[in-house]
Amino acid sequence: MRQAGRYLPEYRALREKHSFLELIANPELAVEVSMQPIRRYGFDGAVIFSDILTPLVSLGYSVSFPNKGGISVEKNSDLPAFDYQKATIEAISLLKNTLSDEGYSASPLGFAGGPWTLAHYILNGGSTRGTDGGLARVIAQINPKETQELLKLLTTSTIEYLKAQIAAGAAAVQIFETHLGELPVDFVRAFIFPELKVLTQALPADCPKILYFGGCAHLLAELAGLGFDVLSLDHRVSLSEAWQLLSQNPKSTVQCLQGNIDPLLMTFRPEQAIPVFQAQREAWQDLPCAQIINLGHGIVPAARVETVEALVRCFREEIK
């Protein structure tokens, strides 16, 4: 999940000088942002600073990230395409070297948007249309053939993008299917699951693959058979119950669960949040699988630096 930005004072200082896309386009700046939470907290993984939508520019879309008003995605084949993918790949290689040079053992982590989540923004025109994703959902269902062609195109481009990230030094990659839960179950099974399976099978077997999905807890047992090594869960899903469901699938490839701490807990004072962290830590100790301590979704702008620090210290058992 996103570690840097929005809530960190050092990130906000950079944003006063550079736009969001300028940070992504400049590998040195992207690495600086990626290193900020590592230097502050000493996380075990360093997520490269980028965005799931920037690869769409290479496919002929203009993508804008205004400070207010939501994201805009529009078809614009005449737009001179800056290669944000290349910049991110260069940044991963630089991040790997920077971590080593500064003496951190954290692993560089890459990511990409899943085929449906990318299609969601394309079909919905970004996040500015006021439909809460409903427009994309309806367009996909009334144009299944065209949607399937779009999904296949996005899967192919995502595979190449993630392969390049891994070759550049990403120790693991995460696929964000944030909007999966907005679709009818039959559509997910018929159109999305096949693409996710193609994606996992095309990536190197020795690189851990993490899937974050939104609103699809009812399909957990089926998600387990798509080839992912780790499933990332939000705060609405119990890790113990999730593992029980995953275990029902004899074809499950899942070895580890990631999540599922409520991001809004980071907005409370440490003394308020620590008892919740401690209760979760005790509950997680009984899980029979590996675990990655993480938020259930990205960190929010109102998060408190001192509460994030308390979370890290609590799970490292520096706070009893």
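**View 1. Cys314 is a buried cysteine in this predicted model.** Its relative accessibility is 0%, so Cys314 counts as buried. Which cysteine sulfur is nearest to that of Cys314? The sulfur of Cys256 is, at 19 Å. Cys314 is in no disulfide.

**View 2. Cys207 is buried as well.** Here the relative accessibility is 4%. Why does Cys207 form no bond with Cys256? The two sulfurs are 14 Å apart, too far for a bond, and Cys256 holds the closest cysteine sulfur to Cys207. A disulfide is a covalent bond between the sulfur atoms of two cysteines. To count as one here, the sulfurs must lie within 2.5 Å. By this rule the model has 0 disulfides.

**View 3. Seven strands form an open sheet.** Follow the strands across in the order 1-4-5-6-7-8-9. The pairing is parallel. Which strands sit at the edges? They are strand 1 (45-47) and strand 9 (290-295), and each pairs on one side only. Neighbouring strands are turned against each other by 25 degrees on average, direction ignored.

**View 4. Strand 7 pairs with strand 8.** Strand 7 covers residues 230-233, and strand 8 covers residues 256-261. How many bridges link this parallel pair? There are 4. Look for Leu231, which stands opposite Leu257 in strand 8.

**View 5. Helix 10 and helix 11 meet the strands.** Helix 10 (residues 239-246) lies across strand 7 and strand 8. Its direction runs at about 150 degrees to strand 8. Helix 11 (residues 270-284) packs on the sheet and touches strand 8 and strand 9. The direction of helix 11 makes about 160 degrees with that of strand 8.

Key
Residues are numbered from 1 along each chain as its sequence is written. This is a predicted model: local features need pLDDT of at least 70, side-chain atom pairs count only at pLDDT 80 or more; totals for chains, interfaces and linings use all residues. Side-chain values use heavy atoms; hydrogens and water are left out. Two strands pair if DSSP finds at least two bridges between them. Helices (H or I, at least four residues) and strands (E, at least two) are DSSP runs, numbered from the N terminus. Axes are lines fitted to C-alpha atoms, for helices over the stretch in contact, and angles run from 0 to 180 degrees between N-to-C directions. Contact means heavy atoms within 4.5 Å. Buried means under 20% relative accessible area, exposed over 50%, partly exposed in between (1.4 Å probe, protein chains only).
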